[in-house]
Amino acid sequence: MFTPAELLEINTLLTPENKIVILTHYNPDGDAIGSSLGLKHYLKARGIFAEVIVPNDFPKFLKWMPEAKKVLIGEYKRKAASDLISEADVIFCLDFNAPSRIGILGDWLANAKAKKILIDHHQQPEHFDFVYSDTVIPATCQMVYHFIEALDDENLVDKDIAECLYTGIMTDTGGFRFRSTSATTHRIIANLIEHGADPALITSNTWDTNTVSRLHLLALILGRIEVVKDGKVAVLYLTREELKEYGFQKGDTEGFVNYGLSIMGVKMAAFFMEDLYENFIKISFRSKDDMDVNQFSRKYFNGGGHINAAGGKSYESLHDTIETFKGKIEAEESL
């Protein structure tokens with residue numbers, strides 16, 4: 001958490017007179033959108049307006065959240081996003097650890113004169129004016145709740161705040177399954193329910209939203225999962241042609257990598273997908289126990305994240321990327 005002196009200084013910055021912007025990472029997920037909107041609604045409860053800006057569009061299954069449709073998408077409205085960032089007095093940076101993680105917004109953030117406040121749970125954060133970084137906490141949404149607690153404003157948590165924060169915690173813990181989920185996490189979830197979050201409704205709105213294209217793609221990859229490294233590693237992939245054939249929509253492949261990890265005996269899963277428009281391979285890694293996919297991804301695939309959940313990128317062909325991965329994983333002694 002921020003120090004008492006930092007909290008005092010941050011609190012003095014949170015006034016209706018100051019222009020406040022909230023940023024989150026490229027390809028925003030449930031924790032990114034949930035924490036950003038949750039913070040926005042908290043500031044609104046204090047009589048403070050804040051603008052949420054994301055680098056690019058986010059999945060439809062997250063757009064049910066209160067005011068999600070008011071989020072400014074930088075890729076679509078570059079001038080508006082650039083102007084808001086350059087004119088801001090305070091910029092909250094949520095769920096990312098470096099300007100390079102926010103796509104086209106990165107340069108604008110680097111040049112902004114605003115006070116920059118980081119709230120994030122990824123490893124190795126870069127420099128910001130105020131830093132609340134904790135890699136043990138499973139979701140940035142939980143950190144936003146702790147931030148509200150530290151400012152002694154729990155009484156301001158309403159239904160909108162509760163729904164957004166609950167969604168981010170639920171999605172980033174895999175439905176409270178990941179080992180980073182703590183007793184504290186569950187106590188916060190209970191508090192959010194008491195403040196209006198409806199678990200059944202949130203789960204339905206977020207996860208019971210399969211498209212036909214998603215189910216077709218899921219059936220395709222489930223039919224060809226490959227298990228290597230003596231049954232300890234699962235490999236899944238999709239080509240650009242397959243994405244086009246089945247009418248891929250943003251968010252359709254969310255969670256696919258977890259199916260590989262669900263196989264009995266598997267300790268690590270990797271999902272490789274050709275980008276729909278650019279010539280690179282997007283990679284998602286998941287693991288169990290002490291297999292550190294954050295370090296693995298950083299070392300070999302230009303990525304990073306958490307110990308048990310990370311992403312990466314490759315500029316080789318899909319076939320060569322998978323073969324490179326298999327070679328690296330065969331030599332991996334932690335499995």
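How far apart do the end C-alpha atoms of residues 19-169 lie, and how much of the span is helix and how much strand? In this predicted model, the two end C-alpha atoms are 28 Å apart, and the span is 36% helix and 17% strand. An unreviewed UniProt entry places the feature "domain: DDH" at residues 19-169.

Two helices, α2 and α5, can be examined first. Two packed helices are described by the angle between their axes and the distance between the axes. For helix α2 (residues 30-45) and helix α5 (residues 140-150), the angle is about 20° and the axes are 8 Å apart. Angles under 35 degrees count as roughly parallel, and α2 and α5 are therefore roughly parallel to each other. The crossing of α2 past α5 is right-handed. On the α2 side, D31, G34, S35, L39 and Y42 make the contact, and on the α5 side T140, C141, V144, F147 and I148 do so. Sorted by class, this contact of α2 with α5 comprises six nonpolar, three polar and one charged residues.

The discussion now turns to a sheet. Six strands form this open sheet, in the order β7-β8-β9-β10-β12-β11, and their pairing is mixed. Its edge strands are β7 (226-228) and β11, each of which pairs on one side only. Helix α12 (residues 293-300) packs on the sheet, where it touches β9 (268-274), β10, β11 and β12. The direction of α12 makes about 15° with that of β12. Helix α13 (residues 318-330) also packs on the sheet, and its contacts are with β7, β8 (233-238), β9, β10 and β12. The direction of α13 makes about 165° with that of β9.

Which strands pair with β12, and in what sense? Strand β10 (residues 281-287) pairs with strand β12 (residues 309-314) in the antiparallel sense, over six bridges. Strand β11 (residues 304-305) is joined to β12 by two bridges, and these strands also run antiparallel. Three residues lie between β11 and β12, which form a hairpin.

Individual bridge partners show how β12 is placed between these strands. G311 of β12 is the bridge partner of S284, and G311 is likewise the bridge partner of G304. Beside that pair, G305 stands opposite A310 in β12. In a regular strand the side chains alternate between the two faces of the sheet.

How values were computed
Residues are numbered from 1 along each chain as its sequence is written. This is a predicted model: local features need pLDDT of at least 70, side-chain atom pairs count only at pLDDT 80 or more; totals for chains, interfaces and linings use all residues. Side-chain values use heavy atoms; hydrogens and water are left out. UniProt positions are given in the numbering used here, feature names are shortened, and annotations may be inferred rather than shown by experiment. Helices (H or I, at least four residues) and strands (E, at least two) are DSSP runs, numbered from the N terminus. Two strands pair if DSSP finds at least two bridges between them. Contact means heavy atoms within 4.5 Å. Axes are lines fitted to C-alpha atoms, for helices over the stretch in contact, and angles run from 0 to 180 degrees between N-to-C directions. Angles under 35 degrees count as roughly parallel, over 145 as roughly antiparallel, 65 to 115 as roughly perpendicular and the rest as oblique. A crossing is left-handed if the near helix is turned anticlockwise from the far one by less than a right angle, and right-handed if clockwise. Ala, Val, Leu, Ile, Met, Phe, Trp, Tyr, Cys and Pro count as nonpolar, Asp, Glu, Lys and Arg as charged, and the others, Gly among them, as polar.
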